[in-house]
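Please open the model in your viewer and keep the selection tool at hand for a short walk through some of its side chains and helices.

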Amino acid sequence: IGVATAETFMAIYGDAPGAEELPRARAAVTKALEIDPSSAEAHNILGGIELFLGRDFAASERETDRALELDPNLANGHRHKGLYLAWQGHFDEAITEFRRSLEIEPLGLATNLNFAWCLLYAGRIDESDAHLKSVQDIDPGFWFTEYQRFVNARAKNDHDAAVEHLARAQELRDLPDAAKFIRESYAKNGWEGFMRASIA
């Protein structure tokens, strides 16, 4: 189970190629389910693998629902259910699932970030911004929080803030040259120039 989780998170947060991580993650969780078919955690991880890497929504829903049937208090199960619902555009139901996950595991970084992301796309950007600040209180060094703040600022056309959050995200990933490029290209060429330089 741990191997499958690690492979999945490497693809999502660690820049490892998803096409390489997917078969390894599936193989590991399949082995775990052979050992214990009633493992809620294993079913949930398989649901996550299918959601994040396989893009098989039917399989993801089936496995996540099975996990929650086996363990209704599985925080990550409610997180995966929230993501599935949000990607289907069912934001109110998704928010309910994220809140349930956070009741069980309030300090879960991934869930807190996913909740903030969901609030943004539900059109509740001020709530999303406020929640992201609370996520930074949990772990000020988690780069993905700064990246989500970049997304939020860009959605508000606050380009100065967006560029700074994106640069900070690169610094937290130990990529100072990328952070320097972001700041300098924006200072020299403005938002459109920065975007063109980034694409190039």
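Which residue lies over the face of Trp143? Select Trp143 and you will find Arg173 there, at 4.7 Å from the ring centre, where a charge sits over a ring if NZ of Lys or CZ of Arg is within 6 Å of the ring centre and within 35 degrees of the ring normal. This is a predicted model, in which local features need pLDDT of at least 70 and side-chain atom pairs count only at pLDDT 80 or more, while totals for chains, interfaces and linings use all residues. Residues are numbered from 1 along each chain as its sequence is written, and side-chain values use heavy atoms, with hydrogens and water left out.

Next, select helix α7 (residues 109–121) together with helix α9 (residues 143–155), both of them DSSP runs (H or I, at least four residues) numbered from the N terminus. They pack at an angle of about 5° with their axes 11 Å apart, the axes being lines fitted to C-alpha atoms over the stretch in contact and the angles running from 0 to 180 degrees between N-to-C directions. Therefore α7 is roughly parallel to α9 (angles under 35 degrees count as such). Show the side chains in contact (heavy atoms within 4.5 Å): Leu113, Trp117, Leu120 and Tyr121 in α7 meet Phe144, Thr145, Gln148, Val151, Asn152 and Ala155 in α9.

Finally, select Phe57, Tyr84, Trp87, Trp117 and Tyr121, which ring pairs link into a cluster; rings of Phe, Tyr and Trp (its six-membered ring) pair if their centres lie within 6.5 Å.

Terms used: Helix = DSSP H or I, 4+ residues; strand = E, 2+ residues; numbered from the N terminus. Parallel < 35°, antiparallel > 145°, perpendicular 65-115°, else oblique. Phe/Tyr/Trp six-rings, centres within 6.5 Å; stacked < 30°, edge-to-face > 60°.
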